[in-house]
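Please look at the sequence and the structure below. Some questions and answers come after them.

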Amino acid sequence: MTSPQTDTNAQQTVRVELGTRSYDIAIGRGLLYQAGEKIANLLPKARVAIITDETVAGLHLQALQASLDAADVDHVSFTIPAGESSKRFELFDRLCDDVLGARLERGDAIVALGGGVVGDLSGFVAASVRRGMKFIQIPTTLLAQVDSSVGGKTGINSRHGKNLVGAFYQPALVLADTAVLDTLPLRDFRAGYAEVAKYGLLGDEPFFAWLEANWQAVFAGGPERDEAVARSCQAKADVVAADEFEGGRRALLNLGHTFGHALESAVAYATERLVHGEGVSIGMMLAHEFSQKLGLLSEDDVARVKRHLLEVGLPIRIQDIPGQMPPADTLLDIIAQDKKVSRGELTFILTRKIGESFVEKGVDRAQVQEFLKEKLDA
């Protein structure tokens, strides 16, 4: 894995190498207040449309607007309701119309200020309006900083499942201000941490061991938090550079997501019951337990994963989701709509040991259904 670079201001920079579409991920405290200067340097004379949600607007929009004003960057702002339910056609349509109505041009920029919902939706708008505008990510959640803001996946949800409509569209810049994470509720920070742990579990056992020793410092802030974000971003950048459009290796980043997305869909994306990172946590636990059931993974490794996720306060069982869950055959039907399904065959990310995940195609449906029934009945 390539090492993140540290600049003279104690900020770290991760480069996503994609030829002419390469871009930097800047990581550090206080970057929100430097956003105007960085955007002006990257896109001289460009106008900016900020897309954010109601929660983030109350916390951080004024600081971003002041930074843009100081750099003489002309801007407009559009605010959407907070939550997964905003990733839908109606809001996508409205935002496209808003951006066009503001007379922004192809060389102007959409700036996503928010978590994964804002980033996914804004990126799809940027990819679509005028057949592609500039796009800048300023992620304000841990989950968005280490996952959804990096790699160019954009989109919205369908009644058939999560993220089934969208585009691969790379940003021009990502600014991950780790200080804004101080405003996150503990539940949301924990949910984002699930994605951090994922990078160790899928391909970097030493990083997972580092997290086992340092997770409390990551939660507290300071250099360990910056280091965890930078190492996560570098892990994702390396995978994206090797497989931008998820033709092979990039699918590994979906460790825990096949199960997790099905659980989110099963609760109709009701965040009072389950947020994305919690679904990923349960999904990663299920992926490791399913790997053990198939004879691929040791009981000790399963116990180690369970111990760490429980230690940081993340859910690990389907029963940890409040309310009634659908039966195994319904969950299997949802999984069959997963984006990794090919010619009707199920694809899962399985693992041989911590840090050694792999893509398994053609997984037997009956085995998955039996496993889900066991977990629902446990």
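The questions below deal with a predicted model, moving from its domains to a helix pair and a hairpin.

Q: Into which domains is the protein divided, and how many Å separate their centres?
A: The protein is divided into domain 1, residues 5-182, and domain 2, residues 186-377. Contact exists between them: 33 residues of domain 1 touch 34 residues of domain 2. Taken over C-alpha atoms, the centres of domain 1 and domain 2 are separated by 25 Å.

Q: Are helices α6 and α7 roughly parallel or antiparallel to each other?
A: Helix α6 covers residues 186-203 and helix α7 covers residues 205-220, and their axes lie 7 Å apart. The angle at which α6 and α7 pack is about 160°. Angles over 145 degrees count as roughly antiparallel. Therefore α6 and α7 are, to each other, roughly antiparallel.

Q: How many nonpolar residues does the contact of α6 with α7 have?
A: Residues of α6 that meet α7 include Phe-189, Tyr-193 and Val-196, and those on the α7 side include Phe-208, Leu-211 and Trp-215. By class, the contact of α6 with α7 has two charged residues, two polar ones, and a nonpolar group that numbers 13.

Q: Which residue in the turn between β11 and β12 has a positive phi?
A: Strands β11 (residues 346-353) and β12 (residues 356-363) run antiparallel and are joined by seven bridges. One of the paired residues is Leu-346, whose partner in β12 is Val-363. The two strands form a hairpin with two residues between them. The residue in the turn with a positive phi, about 90°, is Gly-355.

Technical notes: Residues are numbered from 1 along each chain as its sequence is written. This is a predicted model: local features need pLDDT of at least 70, side-chain atom pairs count only at pLDDT 80 or more; totals for chains, interfaces and linings use all residues. Side-chain values use heavy atoms; hydrogens and water are left out. Axes are lines fitted to C-alpha atoms, for helices over the stretch in contact, and angles run from 0 to 180 degrees between N-to-C directions. Helices (H or I, at least four residues) and strands (E, at least two) are DSSP runs, numbered from the N terminus. Angles under 35 degrees count as roughly parallel, over 145 as roughly antiparallel, 65 to 115 as roughly perpendicular and the rest as oblique. Contact means heavy atoms within 4.5 Å. Ala, Val, Leu, Ile, Met, Phe, Trp, Tyr, Cys and Pro count as nonpolar, Asp, Glu, Lys and Arg as charged, and the others, Gly among them, as polar. Two strands pair if DSSP finds at least two bridges between them. Domain bounds come from an automatic or database domain assignment.
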